[in-house]
Amino acid sequence: MYNRVYNFSAGPAVLPEEVLKEAQDEMLNYNNTGMSVMEMSHRSKAFETIINEAEADLRKLLNIPDNYKVLFLQGGASQQFAMIPMNIMKNRKADYIITGQWAKKAYQEGQIFGDCKAVASSADKTFTYIPDCSDLDIREDADYVYICENNTIYGTKFHQLPNTKGKILVADQSSCFLSEPVDVTKYGILYAGVQKNVGPAGMVIVIIREDLITEDVLPYTPTMLKYKIHADNKSLYNTPPAYGIYICGKVFKWLLKTGGLEARKKINEEKAAILYDYLDQSKLFVGTVEKASRSLMNVPFIVNPEVVTDKEKKDALEAKFVSEAKKAGFENLKGHRTVGGMRASIYNAMPIDGVKALVKFMAEFEAQNM
């Protein structure tokens, strides 16, 4: 026997237990095929059904219009940092909003291909807020405006999309994908590495408006990095991340069965409120994000430096918290290596009971260490 831990990892992250059990039951014999999905041909009828149902269910969840393509690709979200400019940077100009490490990396990658301009940034306060994007200096000849909509490391979220002044909006939604309803028509491209909120690591889902899929790409764009190749071949140009697509499809069905994205948003708001409410009244712990910019998915916090003023003691107390939390069954609470502190990622599959149990543990730790 074993005990499931409460896994607060930022990704690869917790998946619905129901989905994992279904996959376990089907591991050796998927749908009476006599084989695992990991073993079957991606050209088989069985896999054709898997990928077609996954796309249909995702379209239903997000109400994706017919003039958008859904692509299941390899390479993760980071590969999109290059694939996007290669495919849609026609004027060799793009404007980026820098709200964290992943937006910064996308911006740096974009500079390889053209003139990328940072039109807004929250680096001045260590990315602890989302800047005002209501009237940015968007260039008239910019090909697109790029954002990372939810910043996993820093725990911030765009609660209002930027005014792109008519330019194409491109969004990395990796750590907020399918956590709430989204109006797909506001985006030219939205994409998500699935390992945070939808499935296993190793693939990315791209939702792209059809008019952006053309043969007119930058010179020397590799065949495998052309959206048109993958769209024309229905994500089957080469062997796709078959098992990842299979698990994502199961997660889509789980989301539909449990009320869709409206219901999921309410649950996520309730979970986040439990943790933020505790942090707001705690003396020992404090959240690091400005309230108006808080993410529902990633909650970073630290030992309050106004209470524990000695840095060495503060660092030691944070290390003690992470260590004792692990012993108590709370995994992956250590903050990202670039910022330290702690972080609880409370994605769709994290149950409310897990957040309540964490807050109870934090309160007990605070009582013992104040």
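In this predicted model, D232 is exposed, with a relative accessible area of 51%, and its side chain meets that of K228 in a salt bridge with an N to O distance of 3.1 Å. K228 is partly exposed, at a relative accessible area of 24%. Because D232 and K228 stand four residues apart in helix α5 (residues 227–232), about one helical turn separates them.

A search of the whole structure finds 26 salt bridges, and the pair in helix α5 may be set beside a contact between residues further along the chain. R139 forms a salt bridge with D115, with the closest N and O atoms 2.7 Å apart. Since R139 belongs to the loop between β4 and β5 whereas D115 belongs to strand β4, the pair ties together parts that are 24 residues apart in sequence. With a relative accessible area of 14%, R139 is buried, while D115, at 35% relative accessibility, counts as partly exposed. A salt bridge is also formed by E331 and K326, whose closest N and O atoms are 2.9 Å apart; K326 is partly exposed, with a relative accessible area of 49%. In addition, E22, E26 and K250 are linked in a network of salt bridges.

Seven strands form an open sheet with mixed pairing, in the order β2-β10-β9-β8-β5-β3-β4. The edge strands of this sheet are β2 (68–74) and β4 (115–121), each of which pairs on one side only. On average, and with direction ignored, neighbouring strands of the sheet are turned by 20° against each other. The salt bridge of D115 with R139 therefore involves a residue of strand β4, which is one of the two edge strands.

Within the seven-stranded sheet, β2 and β10 pair in the antiparallel sense over seven bridges, and the bridge partner of F72 in β10 is I205. Strand β10 also runs antiparallel to β9, to which it is joined by five bridges, with I189 standing opposite I208 in β10. Six of the seven residues of β10 are buried, so this strand is largely enclosed by the rest of the structure. The parallel sense is represented by β3 (residues 93–98) and β5 (residues 144–148), which pair over two bridges; here Y96 stands opposite Y146 in β5.

Two helices that lie against this sheet can be described by the strands they contact. Helix α3 (residues 76–88) lies across β2, β5, β8 (168–172), β9 (189–193) and β10 (203–209), and runs at about 155° to β9. Helix α6 (residues 242–257) also packs on the sheet, where it touches β2 and β10, and its direction makes about 65° with that of β10. Strands β2 and β10 are thus contacted by helix α3 and by helix α6.

A further open sheet consists of three strands in the order β11-β12-β14, with antiparallel pairing. Its edge strands are β11 (285–287) and β14 (342–345), each pairing on one side only, and the twist averages 35° from one strand to the next. Strand β12 (residues 298–303) pairs with β14 in the antiparallel sense over four bridges. Among the residues that face one another across this pairing, F301 stands opposite M342 in β14, and the bridge partner of V299 in the same strand, β14, is A344. From β14, M342 and A344 point one way and R343 and S345 the other way, and all are buried. Helix α8 (residues 311–327) packs on the three-stranded sheet and touches β11, β12 and β14, its direction making about 130° with that of β12.

At the surface, M27, L28 and M38 make a nonpolar patch of about 340 Å². Of these residues, M27 is found in the loop between α1 (17–25) and α2 (45–62), and M27 is partly exposed, with a relative accessible area of 31%. Because residues enter such a patch at over 30% relative accessible area, the value of 31% places M27 above that cut-off.

Conventions: Residues numbered from 1 in each chain as written. Predicted model: local features only at pLDDT ≥ 70, side-chain atom pairs only at ≥ 80, totals over all residues. Heavy atoms only, no water. Patch = residues over 30% accessible without salt bridge, like charges linked within 9 Å, V, L, I, M, F, W, Y side chains within 5 Å. Areas by Shrake-Rupley, 256 points an atom, 1.4 Å probe, with all protein chains shown as cover. Salt bridge = Lys/Arg side-chain N within 4 Å of Asp/Glu carboxyl O. Buried < 20%, exposed > 50% of the residue type's maximum accessible area, 1.4 Å probe, protein only. Pairing = 2+ DSSP bridges. Axes fitted to C-alpha atoms, helices over the stretch in contact; angles between N-to-C directions. Contact = heavy atoms within 4.5 Å.
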